Amino acid sequence: MSIFDFFKSQLIEVIEWTDQSTNKMVYRFPVQGNEIKMGASLIVRESQAAVFVNEGEIADVFGPGHHVLYTQNMPVLTKLKSWKTGFNSPFKAEVYFVNTKQFIDQKWGTSNPIMMRDPDFGMIRLRGYGVYSYRVADPAVFMKELFGTNSSFDTSNIDSHLKKMIMSGLTDLFAESQVAALDLAMFYDELSSQGLEKMRDRFAQFGFEITSLYIENLSLPKEVEQAMDKRTTMGVLGDMNQYTQWQAAEALRDAAKNEGGGMAGAGVGLGAGAAIGNAMANAFTTSQQTTASQAEEKMACPHCQANIRTSAKFCPECGQSVQQKKVPCIHCKAEITEGSKFCGECGTKHITEKKCTACSAVNNPAAKFCGECGAGLDV
């Protein structure tokens with residue numbers, strides 16, 4: 001190799017980076033021991049940025065496109081090198097390609113439960129997980145704050161810190177929202193949007209832009225979920241007194257089918273029988289108390305207005321009957337209270353008797369002719 005060929009190999013004429021990975025964020029172009037030729041081509045692809053660093057100081061940043069390196073389009077580096085206008089010599093500088101595409105499907109999750117105060121269950125522990133996406137929005141800030149002097153940098157280098165930063169913000173957000181545990185599923189979208197806004201400034205400190213944040217699931221401890229299931233079951237059962245009686249009857253039936261043998265079986269049978277007896281006694285006592293409380297309900301006597309039991313047939317104060325007599329309606333035969341003027345079922349006027357206009361004899365209300373004189377009866 002001639003001396004001319006040696007110096008020619010030291011001059012880089014094309015600078016570019018084709019990324020084959022999915023999570024690499026920064027790549028340093030291999031210029032160690034080489035010089036970049038003034039007038040060389042710099043090719044920056046979409047979702048890339050090229051950063052020139054001179055002696056540890058960021059000089060110039062190039063966006064997507066084809067750039068020819070001259071002093072005219074490298075003002076900072078030209079000033080640092082103190083080149084005169086038009087001086088067409090090689091130069092040395094470190095070139096870093098920064099990947100500005102979105103890094104999607106990044107996972108976050110609670111390593112420890114979040115303590116919360118719930119209006120229904122009191123103190124609860126909440127767990128959750130989801131995904132987020134981000135990109136490098138300011139390559140210069142990113143290079144200064146995170147990259148340092150590494151030769152390459154990928155998402156795994158910053159993943160742990162970003163997760164902790166997100167969980168810190170979301171923990172504060174969940175506590176401030178004061179959403180009941182039973183209603184959390186209704187607010188996944190709202191909480192995700194609020195969390196995204198809360199994270200913007202924190203990500204911007206490192207030159208990042210958080211583009212999306214989603215809550216996939218928020219779950220309660222197993223004990224709380226079991227308590228919720230029991231509450232749901234109680235709501236489905238309805239009347240607990242009737243359910244207790246039914247359980248006692250079922251237990252008695254099962255005990256009758258279980259024929260225990262020996263002294264041990266007898267002991268178990270006696271214990272089970274005592275427990276079942278107590279359960280049935282409690283159930284029946286509750287039922288009797290309910291019946292007694294219903295029997296003690298009071299009403300006013302329709303004659304003297306005295307306060308009497310609803311089950312009484314006669315008033316203990318005036319002695320008159322408090323059970324209203326029922327008579328059939330002359331039109332629809334429905335039972336109505338005697339003395340009513342109209343039927344409560346069909347609305348027909350209720351007539352208790354018919355008087356003959358000819359002889360004034362009293363006739364049955366259903367009669368069409370007078371039983372004394374035979375004259376026709378009008379309603």
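Strand β9 (residues 114-118) runs antiparallel to β10, and five bridges join the two. This is a predicted model, and its protein chain averages a pLDDT of 76. The points below cover the strands that pair with β10, an open sheet of five strands with a helix packed on it, a pair of crossing helices, and the confidence of the prediction.

**Strand β10 and its partners**

- Between β9 and β10 lies a hairpin connection of three residues.
- Within this pairing, M116 has I124 of β10 as its bridge partner.
- Strand β10 covers residues 122-136 and also pairs with strand β8 (residues 103-109), in the antiparallel sense and over five bridges.
- W108 is the residue that stands opposite G130 in β10.
- A further antiparallel pairing links β10 to strand β12 (residues 208-219), over 10 bridges.
- In that pairing, V136 has F208 of β12 as its bridge partner.

**The open five-strand sheet**

- Five strands make up an open sheet, ordered β5-β4-β7-β2-β11, with antiparallel pairing.
- The edges are held by β5 (57-62) and β11 (152-154); each has a single partner strand, so one side of each is left without a neighbour in the sheet.
- From one strand to the next, the twist averages 20 degrees.
- Inside the sheet, strand β4 (residues 48-54) is paired with strand β7 (residues 94-99) in the antiparallel sense, over six bridges.
- F52 has V95 in β7 as its bridge partner.
- Helix α3 (residues 139-147) packs on this sheet and touches β2 (24-28), β4, β5, β7 and β11.
- The direction of α3 makes about 105 degrees with that of β7.
- In a regular strand, side chains alternate between the two faces of the sheet.

**Helices α4 and α5**

- Helix α4 (residues 159-177) and helix α5 (residues 188-204) have axes that come within 10 Å and cross at roughly 135 degrees.
- Because of this angle, α4 counts as oblique to α5.
- The crossing in which α4 passes α5 is right-handed.
- On the α4 side, the contact is made by L162, M165, I166, S168, G169, L170, D172, L173, F174, E176 and S177.
- On the α5 side, the contact is made by L191, Q194, G195, K198, M199, R202 and F203.
- By class, the residues of the contact of α4 with α5 divide into nine nonpolar, five polar and four charged.

**Confidence of the prediction**

- Of the residues in the protein chain, 74% score a pLDDT of at least 70, and the chain average is 76.
- The pLDDT is below 50 over residues 1-10, a stretch that has four contacts in the model beyond near neighbours in sequence.
- Residues 261-270 also have a pLDDT below 50, and beyond near neighbours in sequence this stretch has one contact in the model.

Key
Residues numbered from 1 in each chain as written. Predicted model: local features only at pLDDT ≥ 70, side-chain atom pairs only at ≥ 80, totals over all residues. Heavy atoms only, no water. Pairing = 2+ DSSP bridges. Helix = DSSP H or I, 4+ residues; strand = E, 2+ residues; numbered from the N terminus. Axes fitted to C-alpha atoms, helices over the stretch in contact; angles between N-to-C directions. Parallel < 35°, antiparallel > 145°, perpendicular 65-115°, else oblique. Left-handed = near helix turned anticlockwise from the far one by under 90°. Contact = heavy atoms within 4.5 Å. Nonpolar A, V, L, I, M, F, W, Y, C, P; charged D, E, K, R; others polar. pLDDT = per-residue confidence, 0-100.
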